[in-house]
Amino acid sequence: MTARSEEPRALIRRPSHLAAFGGPPAVPRDATPARWPVVGDAERRSVTTVLDGGHLVSNTDVATEVDQLEREWAQRCGTAHCVGVSNGTAALELILDALGVGPGSEVIVPALSFIATAMAPLNLGAVPVFADVDPHTFNLSPEDTAARVTPRTAAIVPVHLHGQPADMGGLTALAQRHGVPLVEDAAQAHGAAIGDRRAGSLGNAAAFSLQYTKNLPTCGEGGLITTDDPDLARHVGMARQFGEELVLGAPRTYRSHIRGGNAKLNPVQAAFTLAQLTRFDAYREQRERNVTAFLSRLSALPGLQVPRAVPGTTHAWHILRFRFHPGPAVGAPEVDPDRFRASLHRLLRAEGVPMSRYQVMPLPDQPVFVGADDGSDSEHPDTRAVIADSLTLQKRHLDPASGPLLQHYAGAFEKVWEHLDTALRMARAR
Ligand SMILES: *Cc1c(COP(=O)(O)O)cnc(C)c1O
């Protein structure tokens, strides 16, 4: 039989129309590139003001931009304290250290996160214990977390991954049952909330990153710790400055009361972030509109799982993660999801959509951790599935002016979806 060659021509879509095969890309080459962070006169003024006469470090006896940022961020999060530190990883380490995490402790972290979440306990000599994530929110599963609690569990670190708050209701109940503190990794979740309670105020303490790709950036690296616990705030405030206690208006005593290093935020970086903070709400609202319009267009495409804010929560939309399911809706359940994702990656990138992978393996598979967990392939099945069948959009949607760019991206998705047969053929051939 020669059924293939007898297919009517009109039914065979020309793959050459796809940019991957030489067609014109769906995203115009001159589409306004989105910038992040957006740097304007306010940032330049803030930074040069510090350079021209402010204090270049925060360990002075007068208030600096660091103190002002700490005050404003605590107020926004609704916490009693905020402590500026050198970066988000240092924030996690300082919090865990203050909670007594060290050799002999276990700290439960999600198997899907940035490496720093699990590196922080390891750097303190503790063992990271990896729990699986929810397949829709990508956040720590309270059920799988519960199964991993032991008498050595010293903390649980939910990550509000991509800006979606973790299931803090379920995790708080679990943590209270075992008398274990909850530390939010809020590095991706500035402005996220559950009801009217902001990320940063949902656990015993929270770590934020100000690294320049985050939703509240500085011009480089920085971090913030929020907490209602005065002892924890005092401890991390000393540990960031060689264990010394600095008092505004009083001279430095050079007395080290506790173990500590140098993990301070500096006034130049705080000044930049203060300028960003004046536009933070406006940016967040515009981003919400841009992303909602983008996702609502994409939600019509079969086999595409678009991110959705859990009802009752505010998503910060730091990263947009899409899962691709070749199963029922697409009608190709035999196609390997990993290969389907790889084919779509190639086609979408060719159209001009800068999709990328966020985490190429579960954290417990990272060479540094192999041996800390049992690392077997059957562990953390949801994390494995998400990594195999999803791609992310990072940074491009953060600029409030990215609305039109996202509409071009939606057009590119729709074009690729018209050629889904090509994507499936590529996946089968791989
Ligand atoms: C960025 C990030 C960190 C680390 O923050 P740095 O400021 O880069 O050290 C920690 N956890 C998560 C989830 C992050 O995205």
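**Entry 1: the shell around the ligand**

I began with the elements around the ligand, and I noted that helix H4 (88–98) and helix H5 (115–123) each supply at least two residues of its shell. I record here that the model is predicted.

I then listed the shell itself. I found that 16 residues surround the ligand, and that Gly88, Thr89, Asp185, Ser209 and Lys214 are the closest. By class, I entered five nonpolar, nine polar and two charged residues for this shell.

**Entry 2: polar atoms at the ligand**

I looked up the distances from side chains to the ligand. For Thr89, I noted a polar side-chain atom 2.6 Å from an oxygen atom of the ligand. For Lys214, I noted a polar side-chain atom 2.7 Å from an oxygen atom of the ligand. With Asp185 the ligand atom is a nitrogen, and I recorded 2.8 Å between this nitrogen and an N or O atom in the Asp185 side chain.

I next asked how much of the ligand the protein buries. The ligand taken alone exposes 380 Å², and I noted that the protein buries 92% of that area.

**Entry 3: the pocket that holds the ligand**

I checked which pocket the ligand takes up, and I found that its space is the second largest pocket. I entered a volume of about 420 Å³ for the second largest pocket. Its lining has 24 residues, and I listed Phe114, Gln211, Thr213, Lys214 and Tyr358 as those nearest its centre. The elements that give this lining two or more residues are H4, H5 and strand S8 (205–209). I noted that H4 provides the largest share, three residues. I sorted the lining of the second largest pocket into nine nonpolar, eleven polar and four charged residues.

**Entry 4: the largest pocket**

I turned to the largest pocket and recorded about 530 Å³ of space. Of the 25 residues in its lining, I noted Asp67, Glu70, Gly237, Arg240 and Leu246 as the closest to its centre. Helix H3 (65–77), strand S1 (81–85) and helix H8 (230–239) are the elements that give two or more residues to this lining. I found that H3 gives the most, with five residues. By class, I counted nine nonpolar, seven polar and nine charged residues in the lining of the largest pocket.

**Entry 5: the cavity**

Lastly, I looked for cavities, and the count came to one of 30 Å³ or more. I entered about 80 Å³ of space for the largest cavity. Among the residues that line the largest cavity I noted His136, Phe138, His162, Arg308, His315 and Arg321. I divided the lining of the largest cavity into four nonpolar, five polar and two charged residues.

Definitions and conventions. Residues are numbered from 1 along each chain as its sequence is written. This is a predicted model: local features need pLDDT of at least 70, side-chain atom pairs count only at pLDDT 80 or more; totals for chains, interfaces and linings use all residues. Side-chain values use heavy atoms; hydrogens and water are left out. A residue is near a molecule or strand if one of its heavy atoms lies within 4 Å of it. A polar contact is a pair of N or O atoms within 3.5 Å; within protein, one must be able to donate a hydrogen and the other to accept it, and residues adjacent in sequence count only if both atoms are side-chain atoms. Accessible areas come from the Shrake-Rupley method with a 1.4 Å probe; for residues, only the protein chains shown count as cover. On a 1 Å grid over the protein atoms alone, a cavity is a set of points where a 1.4 Å probe fits but cannot get out, and a pocket is an open set with protein on both sides within 12 Å along at least five of seven lines; lining residues have an atom within 4 Å of a point. A molecule sits in a cavity or pocket if more than half of its atoms lie within 2 Å of its grid points. Helices (H or I, at least four residues) and strands (E, at least two) are DSSP runs, numbered from the N terminus. Ala, Val, Leu, Ile, Met, Phe, Trp, Tyr, Cys and Pro count as nonpolar, Asp, Glu, Lys and Arg as charged, and the others, Gly among them, as polar. Grid points are joined across faces, edges and corners, and a volume is the space filled by probe spheres set on the points.
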